[in-house]
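Reader: I have just opened this structure and would like some guidance. Where should we begin?
Author: Let us look at the chain first and then go through some strands.

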Amino acid sequence: MKVKGKYFSLLVAAGFAALLYDPFPTLAAVAPSLGAAASYTVLGTNSTPIAGTVTCTTSTINGKVGTTFTSITNTGPCVITGTIDAPVGGPVVAAFNTAYSNLDSQNPCDTIQSGTLAGVTLPPGVHCFTAGAALTGLLTLNGPSTGIWVFKIGTSGTGGLAGTSFQVVMAGGGQACNVYWRTAQAAAMTDSNFIGTILAGTAITLTRGNYVGRALATTNVTVTDVQPMTFAGAGCSTGATTFSTQASPGVVLGAAISDTATLSGGVTPTGAITWNLYGPNNGFCTGAAIFTSFLPISGNGIYVSGSFTPVLAGTYRWIANYSGDVNNAPIATACNDANETMVVSNGGAVTTVLTTQASPGVALGAAIFDTATLSGGAAPTGTITFNLYGPNDATCTGAAIFTSAVPVSGNGAYPSASFTPTTAGTYRWIANYSGDANNVGTANACNAVNENVVIAAIIPTLSEWAMIMMAALLVLFGVAGIRRHAM
């Protein structure tokens with residue numbers, strides 16, 4: 001069969017394209033050489049002539065800390081497992097500057113990004129933000145163990161990184177040691193589960209959350225309530241190390257819970273495992289962890305966190321991270337990983353007691369209020385609602401003339417807002433607690449003890465001069481009357 005000329009040309013073109021097609025194209029991203037700066041988890045360099053400082057508050061930093069200042073500020077309790085170099089030498093600063101310039105010059109951009117990156121999956125490559133980046137939600141980095149991710153944020157010295165409840169996870173074998181974030185200005189991460197090495201054009205501020213990587217700043221680094229900040233490893237793992245976790249089964253309120261991590265395949269692993277617990281009902285593991293457990297390790301094996309006893313029912317979530325060491329890359333897990341969520345049931349809510357006391361009776365025109373005292377609750381939350389009936393609604397069957405709702409935070413006394421009656425009579429309060437997952441609400445009714453208030457009518461009174469004038473008038477009227485009878 002003879003093929004027409006134009007179809008033959010198409011077939012030839014398609015065949016040529018097939019020869020050129022590469023299912024694994026080479027992308028622009030290249031890992032920078034960090035040189036003398038590579039061994040630091042946290043590094044504050046300098047913007048000449050001002051030294052870069054490091055401030056650590058209530059945090060754990062697994063790795064070495066360096067600063068061009070003469071010391072770090074440890075407001076404690078701050079645990080640093082590595083050495084502290086203060087001040088670091090010129091070669092460290094030079095290595096940082098070289099690495100920063102390397103990332104800054106990597107072109108072309110494989111993608112141009114904007115928005116929050118929530119729900120986005122990115123392959124290895126150079127991913128650029130032409131302006132600052134405000135990130136939140138879940139970002140997945142999917143690629144092989146050799147893949148390199150470079151994020152360039154901002155240009156010409158303008159544009160920083162701001163992450164809030166931002167979570168980065170690796171997929172497809174990708175490794176934290178191959179992720180780099182270069183920002184033209186400052187980087188500020190809050191309540192985030194973050195992966196990668198940050199090289200910031202100015203300062204870095206990390207507040208709460210989990211960070212696997214490095215924080216290397218041109219000026220200052222501030223780490224607050226971070227559990228932990230973990231070094232991304234001197235080199236990438238060969239992929240042999242595995243890390244699995246298993247939360248303890250669900251329990252009834254009052255029993256302890258824990259998490260178990262199993263490390264295997266490592267090359268004589270050292271370092272530490274850090275567990276963070278979130279809840280109850282913190283679906284994205286944002287904010288501060290309610291419990292942290294830190295355990296040094298020695299070799300492959302099974303490691304169990306410390307135990308924690310919840311005081312509230314609900315769903316709890318563990319995040320366990322392995323710090324890594326010179327032979328083994330760190331391993332980070334994420335919120336809602338398999339086997340890391342557990343339910344604490346209330347096993348029957350606690351019966352609370354609500355006593356009430358209305359303010360004393362007053363004259364018409366004065367304000368009244370009610371006070372409810374909650375006791376016996378298990379860290380109660382919810383609301384106390386006060387309804388006022390009257391005047392003279394003896395069964396509280398009419399509509400409430402006034403309502404006040406007060407939020408509850410623990411056992412204690414809660415006063416209602418005040419109300420000023422405009423009619424005399426008897427007023428009746430009804431106050432009830434809503435209850436919550438751990439505490440039973442109340443069902444108080446009309447005419448409860450101490451809940452009735454009598455409002456008295458105002459009886460007009462005369463001043464002293466008014467009494468004298470009235471008496472004089474009575475005398476005049478009396479005299480006038482006598483004269484009429486005498487005529």
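**Strands and their partners**

Reader: Where does Val252 sit?
Author: Val252 belongs to strand S22, residues 251-252; strands (E, at least two residues) are DSSP runs, numbered from the N terminus. This is a predicted model, in which local features need pLDDT of at least 70, side-chain atom pairs count only at pLDDT 80 or more, and totals for chains, interfaces and linings use all residues. Residues are numbered from 1 along each chain as its sequence is written, and side-chain values use heavy atoms, leaving out hydrogens and water.

Reader: Is Val252 buried or exposed?
Author: Val252 is partly exposed, at a relative accessible area of 44%; buried means under 20%, exposed over 50%, and partly exposed in between, with a 1.4 Å probe and protein chains only.

Reader: And which strand does S22 pair with?
Author: S22 pairs with S29 in the parallel sense, over two bridges; pairing requires that DSSP finds at least two bridges between the strands. Within S29, Ser345 is the bridge partner of Val252.

Reader: Which way do the side chains of S29 point?
Author: They alternate along residues 341-345: Met342 and Val344 point to one face and are buried, whereas Thr341, Val343 and Ser345 point to the other and are not.

Reader: How many bridges does S29 share with S27?
Author: Four, in the antiparallel sense, with S27 covering residues 314-322. Thr315 has Val343 in S29 as its bridge partner.

Reader: Changing topic, what is the order of the open sheet of three strands?
Author: The order is S21-S23-S26, with antiparallel pairing. S21 (242-247) and S26 (301-304) stand at the edges with a single partner strand each, so one side of each has no neighbour in the sheet.
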